[in-house]
Amino acid sequence: MAIAPYASRSILPLALLILTGLLSAGFFAAAAPSDAAAHAAPSAPQPGAEADEQLPAVTAPAHEAAKRLAELVASSDLVTAQRGQIPVILVAPHGGLVRIPGVPDRKAGVTVTDTGTAELALLISQRVTAKLGGKPYLVVAQFVRKNADANRPAAEAFEADAARPHYEAFHAAARAAVDECRTRFGGAILIDVHGQARVPDAIVRGTRNGKTVSRLLERSGAEALTGPDSIPGRLAAAGYQILPVAEDGPAGEPAMGRETFFDGGFIVASYGSHNANGVDAIQLEFGKMRRDDPIKLARDVGDAIAAFVRRYGPQKSDAVGK
Ligand SMILES: [Zn+2]
């Protein structure tokens, strides 16, 4: 599904609503069992199985991730999850607008919505799909941050028990996507989509100063984070102000700039490649002004992700470039 048909701003909200509905209903996940048989669990029995009811039998511990495919269709209808076909994972924890029934507003912590980021993640997904010929994995919180914050540890994320299943559904889907990408592709790039108003026209990168992309930096050096085919580098070339500026690094630091604010939250810390079971993870905080034109922003971000994956993506990829 290309972005072009949605170029008319007036039908965008409706189109997104429909797409979100399809995703929530597991529409795009219907092919999961046969994909799993082809890519993740070659020893699993082949079809005959009901595609939408039964997962392939798993016969080896190495295919533990395949057993968890069901989790990619989130158990909460306030979490949108899409199973991907390429080693790209898009998550958006703070764009949700739906109140969780029976849950009052949180009294502590940050509760502001990252306006437009749930829709932005869907639009980026569409653009990446068009560019790389396969869908990214997608995990989007539709619940409002006032009720639960998916970018915080559980102890700080919610105050009412009724919020817990939705928070846990988000992380079950994220974990399942990460595990499956590791099994299927040998890694992935996870983009954590946020919005900020502190520097309204900038995009702020957060990797805990390289920690959450440890494996990428080991493999390809700082240029994979700041060079011409990096995601921030591509966006800088497209005219966006990127923070930190690559040349900012003090003497002795890698030449990738020093992240001093929005430097990476709970999600990239939990799923980043400094963890043995993680993947390379970058938090991107999109400035308010940049989110005013979501079609353009999604196109540019999608193109940057595609360029990055072609240059630095896992070699084991079975879909990229076809
Ligand atoms: Zn945020």
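This is a short chat about a predicted model, its sheet, its core and a few odd backbone spots.

Q: Let's start with the sheet. How many strands are in it, and in what order?
A: Seven strands make an open sheet. The order is β1-β3-β2-β4-β7-β5-β6. The pairing is mixed.

Q: Which strands sit at the edges?
A: The edge strands are β1 (79–82) and β6 (241–243). Each of them pairs on one side only.

Q: What's the average twist?
A: From one strand to the next, the twist averages 20°.

Q: Tell me about β2. Is it buried or exposed?
A: Strand β2 covers residues 88–92, and five of its five residues are buried.

Q: Which residues go on which side?
A: V88, L90 and A92 are on one side of β2. I89 and V91 are on the other. Both faces are covered.

Q: Why do they split up like that?
A: In a regular strand the side chains alternate between the two faces of the sheet.

Q: Which strands does β2 pair with, starting with β4?
A: Four bridges join β2 to β4 (residues 189–196), and the two run parallel. One pair to look for there is V91 of β2 with D192 of β4. Strand β3 (residues 137–141) is also joined to β2 by four bridges, again parallel. There, I89 stands opposite Y137.

Q: How does the chain get from β2 to β3?
A: The chain goes through helix α4 (residues 117–132). That makes a β-α-β crossover, and this one is right-handed.

Q: Moving along the sheet, what's next to β4 on the β7 side?
A: Strand β7 (residues 280–287) pairs with β4 in the parallel sense, over eight bridges. V193 has L284 of β7 as its bridge partner. Q196 stands opposite G287 in β7.

Q: Which helices pack on the sheet, and what do they touch?
A: Helix α4 packs on the sheet and touches β1, β2, β3 and β4. The direction of α4 makes about 165° with that of β2. Helix α6 packs on the sheet too, touching β1, β2, β3 and β4. For α6, the angle is about 165° with the direction of β3.

Q: Back to β7. Is it enclosed or open?
A: Eight of the eight residues of β7 are buried, so β7 is largely enclosed by the rest of the structure. D280, I282, L284 and F286 point one way. A281, Q283, E285 and G287 point the other way.

Q: And how do β5 and β7 run, parallel or antiparallel?
A: They run antiparallel, joined by four bridges. In that pairing, G206 is matched with Q283 of β7.

Q: Switching topic. How many residues are in the largest nonpolar core?
A: That core has 80 residues. V139 and A173 have the most contacts inside it. Helix α6 (residues 164–185) gives the largest share, 11 residues.

Q: Why would nonpolar residues gather like that?
A: In soluble globular proteins, nonpolar side chains tend to be buried together.

Q: How much of α6 is buried?
A: Of its 22 residues, 16 are buried, so α6 is mostly covered.

Q: What span should α6 have, and what does it have?
A: At 1.5 Å a residue, the 22 residues of α6 should span 32 Å. The end C-alpha atoms of α6 are 31 Å apart, which agrees.

Q: What comes just after α6?
A: G186 does, with a positive phi of about 85°.

Q: Which residues other than glycine have a positive phi?
A: N209 is one of them, with phi about 55°. It lies in the loop between β5 (202–206) and α7 (214–220). F262 is another, with phi near 50°. F262 is in the loop between β6 and α10.

Q: Why point those out?
A: Most residues other than glycine have a negative phi.

Q: Why is N209 called partly exposed and F262 buried?
A: N209 has 18 other C-beta atoms within 10 Å. F262 has 20. The cut-off for buried is 20 or more, so F262 makes it and N209 is partly exposed.

Q: Last one. Where is the cis peptide bond?
A: The cis bond joins L243 and P244, with omega about -5°. P244 lies in the loop between β6 and α10 (266–271). Most peptide bonds are trans.

Methods
Residues are numbered from 1 along each chain as its sequence is written. This is a predicted model: local features need pLDDT of at least 70, side-chain atom pairs count only at pLDDT 80 or more; totals for chains, interfaces and linings use all residues. A nonpolar core is a set of buried Ala, Val, Leu, Ile, Met, Phe, Trp, Tyr and Cys residues joined through C-beta atoms within 7 Å. A residue is buried if 20 or more other C-beta atoms lie within 10 Å of its own, exposed if 12 or fewer, and partly exposed in between; C-beta atoms are placed from the backbone. Two strands pair if DSSP finds at least two bridges between them. A crossover is right-handed if, with the strands pointing away from the viewer, the path from the first strand over the helix to the second runs clockwise. Axes are lines fitted to C-alpha atoms, for helices over the stretch in contact, and angles run from 0 to 180 degrees between N-to-C directions. Two residues are in contact if their C-beta atoms, placed from the backbone, lie within 7 Å. The expected span of a helix is 1.5 Å times one less than its number of residues.
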